[in-house]
Amino acid sequence: AASGVSASKLNRPSQGTSPSRFRHGSMLLLSILCALVFAVDTNTIQSGLNLISSELALYTQGSTLIAEVLLCFGIFVVAITSTRKPSAPRIPEAIKPSAAALKGSGNSNNNNNNSHNSSNTNSVKTADFCSADKSRGKRPSNVPSATGPPLGTRSNPLLTKCNAAIDAAARQGDVAMAKELFLKLEEAGGQPEAMTYNLVLRACAKAGDSQTAHQWFQRMESRGLRPTLCTYNTLLDACAKADKVEDCEEILAKMHSQKVEANVISYATAIYARARRGDVEKAEAWLDEMTKAGVEPDAISFNSLIHAHSVRGNVDGAERWLEEMRKRKLETSVASYTAVVDACAKSGTVERAERWIESMLAENVRPNVVTFSAMIDACAKAGNVARAEYWLGRMIAEGIQPNAHSFCTLVNACAKAGDRTGAEAAERWLDCSEKAGVASDVVIYSSVIDACGKAGDAERAFRVYRRMQANGIKPHIVAFAALARPYAYRGDWIKVESIASDMDAQGVQPNEYFVYAQLLAYAVARPRQPARAEELIRRAVGQKVVIN
């Protein structure tokens, strides 16, 4: 319009307009079309410029033509600069996740439950650590991803791809890979968001690396990003798994000071951190804090309290919290019952443990290998070999494959008998474990050697030791100490020294128990061996062995 060219003249030739003039208008329309095409496809810029050049070559007459050419070129440039879509950033190959990694993280919005593990009971599972449900502790029916919202947006494919790759590393607990991917994102010009930091924290939590988790948390704050509830819950998880109880409580205090409202997962993690130490009083105190804050405790919170009493072997306390779960109509799981059975095992109350297993079966809660192993352990601590064997048979009848711990607890029951019958039974169960394919465990052989040693059956113990070596299993110091003990009581110091030589050749350092067995051999021998005993003590002190 500024050039005085009307729209009607550009659309169609008026009467009296020359064919040359019409062609000039056609040139203008073609130039605009090229500009619009360029706004979609950057590869056509050269074609557009070539078109203008060819038109100029054909129509080089008259000042009016020059004005129109300038107008065409101006429209062309404006179209380029104002409508061209920005090209997507190039995604560096180094941070592109593999197909396997993307497959592993593709379902991240549905499968992100975290779990706390216990050595004696089922893992005490927690729900999504990043659930920020506003209903004060009530779990949403559709639990979000452990990293919060989806892993990026279509407008930033670089960040999306990198978050997916870090998520895959986090699922494996690969802290080094998560860090490397994060740094490559920054090198490529990407801007990490809160979720990106949360994913790296999740890798640290999976690995139980609370120190590195704290460093990433501090880095996030230093970059001006505000930690979310997901961030705090993931950091809590890392500290709980690393047994950093005090750190967990400091994090909760910081959440309060920063006006970040703790949810059921936050409190359940604090309860669990205290529970795994058997700190019943403080675990229950956190449950009180949770209730005062208006957050309704869930099954996970109560399972942690049952576990706390289980660690202490307090059957009454474990049973009390299980009954409380029932009263609140919360779902009691195999983990709930197993923790109670484990408490019974620690206190050696076989009848109560058996009653709880029958109760869970009546409620259609199927025991697992951990439950049955805890039941066998209860029998072992009571020295009741017959019942221990019964429950192993019951486990197999239920279609559950015994593991190394199952056989170890049974062998320990045999060892408690302290006689030749117990030693024979222990070796028999070693045969069964080998047939079941779970005997490739040094603890099973050590337990059998210990059972033979307590029965004074040195020859059987040495036979099991040779069998252990033949199966390619390297004995540890516990096995050597158990092997030396029956010979020591005989005063057979020559055999004990031979065992010590084997131990030294395999690179196993003595401990105070082995030193005691060897000293005992010198003391019981006839004649006694005081010079060898003194030399042994000097050598043990030089090797930093604790002298008790």
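Let's start with helix α9, which runs over residues 210–222 and holds 13 residues. From its first C-alpha to its last it reaches 18 Å, close to the 18 Å expected at 1.5 Å a residue. Keep in mind as you look around that this is a predicted model.

**Helix α9 and its two sides**

Which residues of α9 are buried? They are Ser210, Thr212, Ala213, Trp216, Phe217 and Met220. If you look down the axis of α9, these buried residues fall within an arc of 160°, so they line one face of the helix. Turn to the face pointing away from that buried side, and you will find the exposed residues Gln211 and Ser222.

What covers the buried residues of α9? The cover includes the helices α7 (175–187), α8 (194–207), α10 (229–241) and α11 (245–257). Just after α9, look for Gly224, which takes a positive phi of about 85°.

**Helix α14, enclosed by its surroundings**

Now move along the chain to helix α14, made of residues 299–312. With 14 residues at 1.5 Å each step, α14 should span 20 Å, and its end C-alpha atoms are indeed 20 Å apart. How much of α14 is buried? The count is 12 of the 14 residues, so the helix is largely enclosed by the rest of the structure. Among the buried residues of α14 are Phe302, Ser304, Leu305, His307 and His309. The helix is followed by Gly313, whose phi is positive, near 75°.

Ser304 also leads us to another helix. Its C-alpha atom is separated by 5.2 Å from that of Tyr272, although the two residues are 32 residues apart along the chain. Tyr272 has its place in helix α12 (residues 264–275). Is Tyr272 buried or exposed? With a relative accessible area of 1%, Tyr272 is buried, because buried means under 20%.

**Backbone angles worth a look**

Most residues other than glycine have a negative phi, and most peptide bonds are trans. With that in mind, here are two residues other than glycine that have a positive phi.

| Residue | Phi | Place | Relative accessible area |
|---|---|---|---|
| Asp243 | near 60° | loop between α10 and α11 | 31%, partly exposed |
| Lys329 | near 60° | loop between α15 (315–327) and α16 (334–347) | 77%, exposed |

Asp243 sits in the loop between α10 and α11, and those two helices are among the ones that cover the buried residues of α9. Lys329 counts as exposed at 77% relative accessibility, since the cut-off for exposed is over 50%.

Where can you find a cis peptide bond? One joins Arg526 and Pro527, with omega at about 0°. Pro527 lies in the loop between α26 (512–524) and α27.

**A nonpolar patch on the surface**

Our last stop begins with helix α27, which covers residues 530–542. Which residues make a nonpolar surface patch of about 240 Å²? Ile537, Val541 and Ile547 make it. Of these, Ile547 is placed in the segment after α27. Ile547 is partly exposed, with a relative accessible area of 46%, because that value lies between the 20% limit for buried and the 50% limit for exposed.

Key: Residues are numbered from 1 along each chain as its sequence is written. This is a predicted model: local features need pLDDT of at least 70, side-chain atom pairs count only at pLDDT 80 or more; totals for chains, interfaces and linings use all residues. Side-chain values use heavy atoms; hydrogens and water are left out. Patches are made of residues with over 30% relative accessible area and no salt bridge: like charges are joined within 9 Å, nonpolar side chains (Val, Leu, Ile, Met, Phe, Trp, Tyr) within 5 Å. Accessible areas come from the Shrake-Rupley method with a 1.4 Å probe; for residues, only the protein chains shown count as cover. A salt bridge is a side-chain nitrogen of Lys or Arg within 4 Å of a carboxyl oxygen of Asp or Glu. Helices (H or I, at least four residues) and strands (E, at least two) are DSSP runs, numbered from the N terminus. Buried means under 20% relative accessible area, exposed over 50%, partly exposed in between (1.4 Å probe, protein chains only). The expected span of a helix is 1.5 Å times one less than its number of residues. The arc is that of the directions from the helix axis to the C-beta atoms. Contact means heavy atoms within 4.5 Å.
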